[in-house]
Amino acid sequence: MDSFRILGYNQYQEMSAMSNSRISVSWTTLRHGLQMAGLLAAATAGGLLFRQLGFPETNIVLLYLLAVLLTAWMTRGYGYGVFASLLATLIFNYFFTAPYWSLSVDDPSYWITFIIMTATAFITSALTSKAKLNAQNALQREQEIKTMYALSRGLNEQIEIRQIARLAAEVLSSAFHCEVSCLCLDEKEQPAVLYAAQPCQAAQALPCDQFNSDPALNSAAPFTCLPLQNNGIQLAKLKLPAAAMTAFSESDHQLLQSLCETLTLALDRFRSAKQKIRSEEEAAQERYRSNLLRAISHDLRTPLSAIMGTSEMILDMSEEHDPRHALAQDIYQDADWLHSLVENILSLTRIQDGHLNLHLEKEAAEEIIASALEHIAKRAPQRQINVSIPPEVLMIPMDGKLIQQVLINLLDNALKHTRPQDEISLTLRREQKEAVFTVRDGGEGLAEKDLAHIFQTFYTTRTRQPDAQHGIGLGLSICESIVKAHHGSISACNRTDQRGAEFTFRLPLED
């Protein structure tokens, strides 16, 4: 997962925040120093009282140990406790060891007392500071765990992106005690929904265009933007005051990092679930559409075959100058076009259902071309197609019926987009270990916007003759599926030598 990036710091605000931080640190140091001095002064006053009452020096030492312990408990870190233990030893030496009111020592045994007193005070201070620090860390971890649990539990229960944005703003604003805005993006990385919240308050929905302007709810202070992204795709953006971000501790940054990652995972999971539902709906619609197409195509095939057969019989029984001959010829051609359309629809449904079974055998490419040309000749007997094949016989491992359908579809496509006088050619050549089939025409060619979509299902081009028959965009899509099933490739482009389109597909010469 990509780490979130911090953007948009304001320089003036950073300088002001640093100055306020230095003032805050100076005041804290002064306050802890006064607390330490007050405790040691109180221990000294109590020690002087104990000496007047005749108490042993052991009680006075305990007073200073208590002062050191309280100093370590009331201040932050080890430094104050260590300094208090050393200062307590010096004060005890100054006020309570002979000669009094000086730091000199007459009795050497007092050095043992000083060492033991300093060591005891130091250990007591260190243990107290450590226990206090552990308690603070435990409390902080408990709060972080509660925050993470609240966010995770809430995200698991949310099913709408609007609810996710609201929950994120509320949880983060309460965790960091500052205003937080959450802008969730849609699948096109455009703003979808914006929520902003103040600490311990319900989030408010706002117009998305307010995210990059002033802060959502109150002041005009600078803010920091945190983009949440996964695999380079932006899912959401968070906005926090820059001053609050500057004052964050290391643990605060780690908590923010964890919350951002949790929120990113939730958004990604929400988007994946939404995409899965959409895919399932599209698959169901595609299945219903395929079943409908298959049923209609099967029902149309039988009457079309009967129409073609009857019209062919009339053609054989009538003379060319007979008006019935021309009428039967038109009926046959239109029925043949419909029959070809039905066959393409059935092929499409078989391909989409995964029922396209290849029966690979080594076939002579010339025979497949001849069969395709014979079929096309029945549809357009007046059209001439130039054929060029190599002198050698190319034996290609293929399903002959399917490759014949590819050639028929390409040639039929050329017929649709050319005039009777335009050139159409079919060439076959060998390039290394591939057989290359090329169909060229002299029509209007392909528009640039059509080249990227020419093999898509149900896509039809705009460049066609006014009197051309209109297809439904299945022929080229079926060609691509069949060629790829043979581990080949197919492409389309405009001719470079003259006007017209060029379709080329390649088949491997070895299994």
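Which residues does Asp412 touch, not counting residues up to four places away in sequence? Before the reply, a word on the model is useful. It is a predicted one, in which local features need pLDDT of at least 70 and side-chain atom pairs count only at pLDDT 80 or more, while totals for chains, interfaces and linings use all residues. Residues are numbered from 1 along each chain as its sequence is written, and side-chain values use heavy atoms, with hydrogens and water left out.

The secondary structure of the chain consists of 12 helices and 12 strands, where helices (H or I, at least four residues) and strands (E, at least two) are DSSP runs numbered from the N terminus. Of the 511 residues in the chain, 41% are buried, a word that here means under 20% relative accessible area, with exposed meaning over 50% and partly exposed lying in between (1.4 Å probe, protein chains only).

A good place to start is strand β1, residues 180–185, in which 6 of the 6 residues are buried. Both of its faces are covered, with Val180, Cys182 and Cys184 on one side and Ser181, Leu183 and Leu185 on the other. Strand β1 pairs with strand β2, residues 191–197, in the antiparallel sense over 6 bridges; two strands are said to pair if DSSP finds at least two bridges between them. These two strands form a hairpin with 5 residues between them, and Glu189 in the turn has a positive phi of about 60°. Strand β1 is also joined by 4 bridges to strand β5, residues 233–241, which runs antiparallel to it, and here Cys184 stands opposite Ala236.

Elsewhere in the chain, an open sheet of 5 strands follows the order β7-β9-β10-β12-β11, with mixed pairing. Its edge strands are β7 (386–388) and β11 (489–494), each of which pairs on one side only. Within this sheet, strand β10, residues 434–441, is joined to strand β12, residues 501–508, by 7 bridges in an antiparallel arrangement, and Thr438 has Thr504 in β12 as its bridge partner.

Helix α10 lies across β9 (424–431), β10 and β12, and runs at about 175° to β12, where axes are lines fitted to C-alpha atoms, for helices over the stretch in contact, and angles run from 0 to 180 degrees between N-to-C directions. Asp412 lies in this helix, which spans residues 400–416, and Asp412 counts as buried because its relative accessibility is 11%. The opening question can now be answered: Asp412 touches Ile376 and Arg379, leaving aside residues up to four places away in sequence, with contact meaning heavy atoms within 4.5 Å.
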